[in-house]
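Okay, thanks everyone, I'll keep this short. Let me put the structure up so you can follow along.

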Amino acid sequence: MLNASEIRAELAARRKNYSLSRALYCDEGVYQADLEQIFYREWLFAVPAAELPKTGSFATLQVGAYPVILTRGSDGTIRAFHNVCRHRGQRLCSKASGTSPKLVCPYHQWTYELDGKLLYARDMQEDFDASAHGLKKVHCVDIGGMVFICLAEVPPPIADLAKTLGAYLAPSGIKTAKVAFQSTIVEKGNWKLVIENNRECYHCGGSHPSLCRTYSDNPRMTAMEGPDAASPDILAHWARCEAAGLPSRFINHPKMQWRLARIPLLNNAESYTMSTKAAVTGMRMGEMPFNDAGSLLFFHYPNTWNHFLADHAIVFRVLPLSATETQVTTTWLVPADAVEGKDYDLKTLTEVWEATNDEDRQVVEENQAGILSPAYEPGPYSTVQEEGVIQFVDWYCDTMSERLGDAPALAAE
């Protein structure tokens with residue numbers, strides 16, 4: 001189990017444009033450092049706002065050692081709290097999601113308002129101050145229907161992302177969408193391998209026959225350097241979409257922590273379906289002007305990538321479970337008025353990405369199995385096909401190198 005100085009040495013020894021060392025993908029000490037320096041300090045995608053559709057809706061997630069609960073209050077605001085009772089520490093809610101008018105601890109029935117205020121604590125002494133025992137808050141922000149949380153006492157700036165993502169998402173109507181389906185799988189691989197696999201399509205032709213009906217594995221689709229630097233077909237797509245009021249051009253965080261760009265699908269395909277036609281018929285998301293608007297791609301390190309199409313959206317959340325296990329949750333969103341069986345068929349909506357997720361799981365698990373071998377040594381990335389992987393690994397290594405030895409306290413209220 002590596003300590004901080006040993007992890008720094010592993011990072012310093014990395015060869016440019018090469019994969020990481022075996023320890024950085026497998027070691028328990030590195031896993032704990034990843035949690036402390038990244039997952040406990042960065043903004044994380046938690047849920048789509050559509051997962052909390054009404055007052056009393058809640059959802060839970062586990063970030064390393066920290067159980068978190070999100071609720072929608074009577075004022076419509078989504079808030080996040082540590083999912084821990086202020087009495088004797090019982091986890092308040094064990095369910096993944098649901099609806100409840102109040103948050104009630106199952107142990108001794110301490111009862112909290114949806115805004116975290118303690119309402120009821122039976123048979124406490126006269127000098128007990130209920131106002132001092134509300135739920136501990138977690139930083140939470142809803143950006144255009146995408147809800148992010150941060151466990152740090154002082155979260156990193158998010159204003160630039162909020163402004164940009166909000167503008168790009170607005171036409172898609174994510175705030176007013178509804179959840180059509182959600183799946184959660186566990187991939188037996190390190191979280192960095194899950195992200196790396198997503199950041200390239202070098203493997204797509206050999207691994208994703210369903211996805212490749214509509215999504216191009218041409219590296220030019222993802223190798224963009226600026227709002228005026230892309231292949232001619234993408235530039236033409238941007239011009240058409242922006243003339244219709246859809247923000248589309250490539251835009252990114254200076255250190256590539258997040259990126260947005262709208263890409264065309266293959267052969268004027270409308271959606272990620274086996275037929276290439278829209279999965280939701282007779283209506284579009286938000287104010288999308290045409291069916292073949294392609295996919296607005298959005299990623300944010302360390303834990304999300306997303307696709308926003310004219311007829312539906314697919315959002316992904318990545319959470320590490322151990323050094324070699326990662327939870328991936330996929331949520332399909334459709335227009336709020338869409339009716340299953342009438343406006344869309346669930347199999348048609350989900351089958352491409354259900355298959356793709358399982359194919360990616362197999363790839364990641366075999367990747368991890370090979371890296372666990374003492375014979376593994378880092379190999380070179382393709383600067384043509386794996387530029388996105390290089391960007392992620394550079395971000396990871398730079399972030400960890402800067403932060404090791406400088407871990408702030410988590411929020412206490």
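Let's start at Tyr 396. Beyond its neighbours up to four places away in sequence, Tyr 396 touches Leu 11, Leu 20, Leu 24, Val 30, Asp 34, Ile 38, Trp 191 and Lys 192. Keep in mind that this is a predicted model.

So where does Tyr 396 sit in the bigger picture? It belongs to the largest nonpolar core, which has 82 residues, and along with Val 63, Leu 70, Ile 149 and Tyr 272 it touches the most other members. Helix α9 gives this core its largest share, eight residues. The core also takes at least three residues from each of domain 1 (44–150) and domain 2 (159–372). There's a second, separate core as well, with 30 residues, among them Trp 43, Leu 169, Ala 177 and Met 285. As background, nonpolar side chains in soluble globular proteins tend to be buried together.

Staying with α9 for a moment: the helix covers residues 387–403, and Val 389 is in it. Is Val 389 buried or exposed? Buried: its relative accessible area is 2%, and the cut-off for buried is under 20%. Leaving out neighbours within four places in sequence, Val 389 is in contact with Glu 196, Arg 199, Glu 200 and Tyr 381.

Now over to the sheet. It's an open one with seven strands, antiparallel, and the order is β11-β17-β16-β15-β14-β13-β12. The edges are β11 (177–187) and β12 (251–252); each has a single partner strand, so one side of each has no neighbour in the sheet.

The strand I'd like to dwell on is β13, residues 258–263. Six of its six residues are buried, so β13 is largely enclosed by the rest of the structure. If you look at which way they point, Trp 258, Leu 260 and Arg 262 go one way, Arg 259, Ala 261 and Ile 263 go the other, and yes, that's two buried arginines in the list.

What does β13 pair with? On one hand there's β14 (residues 295–300), antiparallel, over six bridges. In that pairing Trp 258 stands opposite His 300, and Ile 263 stands opposite Ser 295. On the other hand there's β12, also antiparallel, joined to β13 by two bridges, with Ile 251 opposite Leu 260. β12 and β13 make a hairpin with five residues between them, and in the turn Met 256 has a positive phi of about 65 degrees.

That's my tour, happy to rotate the view if anyone wants another look.

Definitions and conventions
Residues are numbered from 1 along each chain as its sequence is written. This is a predicted model: local features need pLDDT of at least 70, side-chain atom pairs count only at pLDDT 80 or more; totals for chains, interfaces and linings use all residues. Side-chain values use heavy atoms; hydrogens and water are left out. Helices (H or I, at least four residues) and strands (E, at least two) are DSSP runs, numbered from the N terminus. Buried means under 20% relative accessible area, exposed over 50%, partly exposed in between (1.4 Å probe, protein chains only). Contact means heavy atoms within 4.5 Å. Two strands pair if DSSP finds at least two bridges between them. A nonpolar core is a set of buried Ala, Val, Leu, Ile, Met, Phe, Trp, Tyr and Cys residues joined through side-chain atoms within 4.5 Å. Domain bounds come from an automatic or database domain assignment.
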